[in-house]
Structure formats: structure tokens, C-alpha cells
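Q: I'd like a close look at one part of this model. Could you walk me through a single helix and what sits around it?

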Amino acid sequence: MDQNWEAVIGLEVHCQLLTKSKIFSGAATAYGAEPNTQADGVTLGLPGVLPVLNADALRMAVKFGLAVDATVAERSVFARKHYFYPDLPKGYQISQYELPIVEHGHLDIELPAAEKGGEPVVKRIGITRAHMEEDAGKSLHEAFVGATGIDLNRAGTPLLEIVSEPDIRSAAEAVAYLKKLHQLVVYIGICDGNMQEGSFRCDANVSVRRRGAEKFGTRTETKNVNSFRYVEKAIEYEIERQIEVIEGGGRIVQETRLFDPGTGTTRAMRTKEDANDYRYFPDPDLLPVVVEPEDRERIRATLPELPEAKRTRFMSDYGLARYDATVLTGEFALADYYEAVVRLSAADPKLCANWVSGDLLGALNKLGKEIGESPVSADMMAGLIRRLADKTISGKIAKDVFEAMLAGEGDADRIIQAKGLVQITDDSAIVAAIEQVMAGNPKQLQEYRSGKDKLFGFFVGQTMKATQGKANPEALNRLLKEKLAP
């Protein structure tokens with residue numbers, strides 16, 4: 001971005017709450033159901049039906065507010081937000097406007113240090129509000145020729161719309177904030193975070209101003225971006241587009257835009273509405289929501305250990321480097337897996353971290369699996385690490401055992417026994433193999449003893465081959481030095 005300009009960015013994130021039913025009715029929220037099989041009378045807006053607030057949705061909204069150190073309103077109100085669209089049967093959306101459930105929170109994001117190897121830069125992003133609302137349905141264009149179908153399965157699905165302050169100044173900061181928010185809502189169990197299915201999607205509000213100016217520029221809103229990469233590309237494009245328009249003598253129009261992943265560009269969708277256009281007023285069918293202090297504290301007690309606190313504990317309790325602790329606490333399930341491995345193996349936590357964050361995550365990435373789908377359970381991983389720690393197997397053999405575990409051949413002990421992989425630790429057996437190698441390679445022996453030290457690796461390799469890789473590496477190196485000495 002041109003250094004004469006500064007971007008001002010705020011994100012509105014729609015987070016689908018993990019309830020089994022819709023926010024104001026008992027209709028199901030399962031993804032992928034046949035169109036219009038989860039649309040009841042409330043969803044359709046039939047005359048005479050009345051909405052009833054889903055208590056689980058309320059608890060999840062409060063949980064989020066507490067997790068971001070926000071104010072949870074003792075009294076909040078639902079409002080009707082009016083606009084016409086075919087997938088909105090009632091002609092209005094039930095949302096919150098003047099009195100939302102959550103206000104004035106924050107998230108701290110980490111940005112790369114200016115110097116390589118330095119501590120990350122922490123920046124606080126304010127959260128203006130988070131309010132509950134119902135989702136709209138979905139228009140289906142592809143399946144029809146010259147017509148549009150409407151699927152109302154999503155209509156009424158509970159959402160928490162999380163609105164940031166305009167504290168973000170670059171696409172990179174926006175992605176860091178979005179990833180941190182995504183991690184949090186999944187961690188506390190209020191959203192599955194599935195961006196492909198629309199459970200977590202983002203509207204990006206972008207404006208630019210000359211650096212040093214106090215007044216914000218005119219903003220545009222890019223709607224429903226559903227991947228971190230697309231958010232970054234959409235914001236980068238919109239920043240450059242707006243600068244180019246202004247420098248060319250034009251002006252920015254306040255409008256809603258759509259991002260095209262194929263071209264990496266945004267395009268105008270419609271003129272941006274203001275609050276007055278929606279004719280908000282309190283919904284007469286829904287009572288004000290009251291959260292008593294004791295209710296709030298009861299919900300607070302259900303919060304898990306949050307990612308930053310867990311990372312700090314992993315660094316202090318397990319002696320892990322910041323990077324390793326960050327990786328291992330990136331997902332709640334992964335952190336649980338790692339702690340189970342440490343507990344069950346009773347081995348060095350750093351050794352456990354190397355295997356979980358390195359070998360296991362690398363293998364799962366290749367397989368396209370999440371930690372919850374791992375073919376190697378925490379108990380199996382702990383069993384492998386125990387045999388490595390007690391020197392039953394060497395590090396090289398451990399890699400082979402791990403591959404066999406991944407392939408479903410059983411736990412470490414079964415594989416070690418079945419394949420005869422127990423490490424040779426008896427000095428006399430290793431010496432016998434060394435002497436056999438020396439006798440079979442007199443030329444290399446003479447060259448080594450004449451000062452060609454690099455041949456030491458050759459003798460290590462040959463002896464390992466003679467023992468089928470089972471010789472204890474430490475003992476092998478010690479005994480080879482003794483036997484090869486002139």
C-alpha cells in the first residue's frame with residue numbers, strides 16, 4: 001500500500017451458534033438437509049405463530065461476551081430489521097439493534113516482530129458489540145433455468161454477529177484478528193467454525209484516508225467472505241481500488257460489494273443501507289432478555305481455559321518454546337491430545353511436543369485429517385514415546401513404528417514385537433557387528449586410521465545395516481570410536 005495512505009478496517013463476523021434447533025423455533029439446523037425440510041411455521045412467518053428464544057443460543061452469546069472481557073447486558077432487546085428479499089419470508093429479520101447482548105470487548109492479536117526472531121507485536125482490537133439474530137434463507141440459482149429457487153433451511157438459524165472497532169489497519173491485521181476470533185469461538189464450543197459451510201463468515205468494511213488525517217473516509221462493505229485467504233485478497237484489492245479512485249479525482253460510494261475469488265476483485269452489489277433504511281423497532285412478540293448476575297457467573301464457570309492462558313501454562317509447566325506452545329494450543333482438541341500424551345507416557349514434555357507437533361501433525365496434514373480423526377490415539381502415541389524413552393527402540397526405529405501405527409497395524413508394543421524391532425543395547429553384540437564390518441572393509445579401515453575421519457559415518461552406516469538398524473546409536477558411536485582407534 002502507498003505509504004501516503006492509511007486503511008481503516010472493521011470486520012463484522014457472522015458466527016453460527018452450535019445449537020440443535022433454530023433461534024426462535026424447534027426446527028433443526030443440520031447442514032446439508034434437503035431444501036425446505038427444516039422450515040417450520042416460525043421460519044415461514046405464517047400468521048399466528050410466535051417466536052420463542054432458544055436458551056442455548058443466549059447462553060452461548062453470554063459465554064462469548066465473557067471470553068472477550070466484554071460487558072454482558074443485564075437487559076437486551078430484540079428488534080425487527082425490515083428489508084425485502086425473497087429468502088426472508090417475514091419481510092424482516094429478528095436481530096438486536098440499540099440494546100445488544102454484548103458490548104465493549106476486545107481481542108489481542110499478534111503480529112510478526114520487525115526483527116527476525118524477536119517477540120511478536122501485540123495489538124488490541126476492540127469489539128464494539130456482539131448481538132444475536134436469525135439467519136436468512138438461501139437463493140438457489142444454478143439448478144433452475146430462468147428462475148431462482150429458495151431454500152429456507154438456513155432461515156432462523158441462530159447467529160452471533162460480532163462487530164469490531166475500526167482498529168485494523170491492514171489486510172494482514174484483519175486476517176490475524178479473524179483467525180484469533182475463529183480459534184476462540186471454536187475453543188469455547190459455541191461454533192464449529194466451518195467456513196465452507198457458512199458457519200463462520202465475514203463482512204469487511206474498508207475505507208482509506210491520507211496518513212495523518214483524523215476523519216475516516218467513505219467505507220464500502222464486502223459481504224460474506226468465507227476464507228481467510230479471500231478476506232486478505234478482498235481487503236487488499238479494495239484498499240488499492242479506493243486509493244486509485246481518489247487519486248484519479250473520483251469519490252468512493254458507500255456501497256455493498258461482493259468478492260470474486262476467480263478474479264481476486266470486488267464488484268458493486270447495491271448501495272449500502274443505513275440504519276434508518278431498515279426501520280428498526282422492538283419486536284412486540286419477544287420479551288426483553290434479562291441476564292441476572294448469578295446467571296452470568298454460572299455461565300462463566302463453564303468457560304474452558306482460554307488459548308492464551310493455556311499457551312502460557314504450557315510454556316511454564318512443560319518448558320516449551322513459545323512457538324511450540326502456540327502450535328499445541330491452536331486447537332482445544334490438540335492441546336488435550338498433547339497433555340494426554342505427556343500424562344500417559346511420563347516422558348519429557350519436549351520430546352512429546354516434538355512428536356505431536358512434528359510427526360503427528362505432519363502426517364495428519366498429508367492425510368487431510370483433523371486431530372479428532374487421528375488413526376494414532378494419544379494412548380498409542382504415549383506407548384511409542386515410552387519405548388523410545390526407555391531405549392527399547394531407537395529414534396530411527398520409532399519413525400518406522402509410527403508409520404506402521406498410522407497404517408493401522410496396532411500399537412507400538414505389538415508392532416515392535418511382531419517385527420522384532422527391539423534395540424540392541426548389549427555392548428558385546430554391537431562389538432561383534434563392528435568387528436565384522438571392520439574385517440569386511442580393510443581399505444576403508446586403513447584410510448580412516450590414516451586420518452580420513454569422514455569415514456566414521458561410513459562405519460556407522462555399515463554397522464547399522466549389519467544390525468538391521470537395531471543398534472543403540474549412543475552405544476554404537478562410543479564403541480566404534482574405541483574399536484577404530486589405531
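Which helices do the buried residues of α8 pack against?

A: Keep in mind that this is a predicted model. The buried residues of α8 pack against five partners as listed here: α3 (171-187), α6 (307-318), α7 (322-328), α9 (349-367) and α10 (378-389).

Let's start with α8 itself. The helix covers residues 332-345, which is 14 residues, and at 1.5 Å a residue they should span 20 Å. The C-alpha atoms at its ends are 20 Å apart, so the expected span and the model agree. As for what is tucked away, the buried residues of α8 are L334, A335, Y337, Y338, E339, A340, V341, V342 and S345. Notice that the list takes in E339 as well as S345. Buried here means under 20% relative accessible area. Right after α8 comes A346, with a positive phi near 55°.

Now move on to α9, one of the helices that the buried residues of α8 pack against. Helix α9 also packs on α11 (residues 395-406), with the two axes 12 Å apart and at an angle of about 40°. That angle is why α9 counts as oblique to α11, and the crossing is right-handed. On the α9 side, the contact is made by W355, D359, L360, A363 and L367, which meet A398, K399, F402 and L406 of α11. Sorted by class, that contact has seven nonpolar residues, two charged ones and no polar ones.

From α11 you can hop to another part of the chain. K396 has its C-alpha atom 9.4 Å from that of P473, although their positions lie 77 residues apart along the chain. P473 belongs to helix α16 (residues 473-484). With a relative accessibility of 32%, P473 counts as partly exposed.

For a contrasting helix pair, look at α2 (residues 55-67) and α5 (residues 293-300). Their axes come within 9 Å and cross at roughly 75°, which makes α2 roughly perpendicular to α5. R59, V62, K63 and L66 of α2 meet R296, I299 and R300 of α5. By class, this contact has four charged residues, three nonpolar ones and no polar ones.

So, back to your helix: α8 has the 20 Å between its end C-alpha atoms that 14 residues should span, and its buried residues pack against helices including α9, which in turn meets α11 through residues such as W355 and L360.

Terms used: Residues are numbered from 1 along each chain as its sequence is written. This is a predicted model: local features need pLDDT of at least 70, side-chain atom pairs count only at pLDDT 80 or more; totals for chains, interfaces and linings use all residues. Side-chain values use heavy atoms; hydrogens and water are left out. Axes are lines fitted to C-alpha atoms, for helices over the stretch in contact, and angles run from 0 to 180 degrees between N-to-C directions. Helices (H or I, at least four residues) and strands (E, at least two) are DSSP runs, numbered from the N terminus. Angles under 35 degrees count as roughly parallel, over 145 as roughly antiparallel, 65 to 115 as roughly perpendicular and the rest as oblique. Contact means heavy atoms within 4.5 Å. Ala, Val, Leu, Ile, Met, Phe, Trp, Tyr, Cys and Pro count as nonpolar, Asp, Glu, Lys and Arg as charged, and the others, Gly among them, as polar. The expected span of a helix is 1.5 Å times one less than its number of residues. Buried means under 20% relative accessible area, exposed over 50%, partly exposed in between (1.4 Å probe, protein chains only). A crossing is left-handed if the near helix is turned anticlockwise from the far one by less than a right angle, and right-handed if clockwise.
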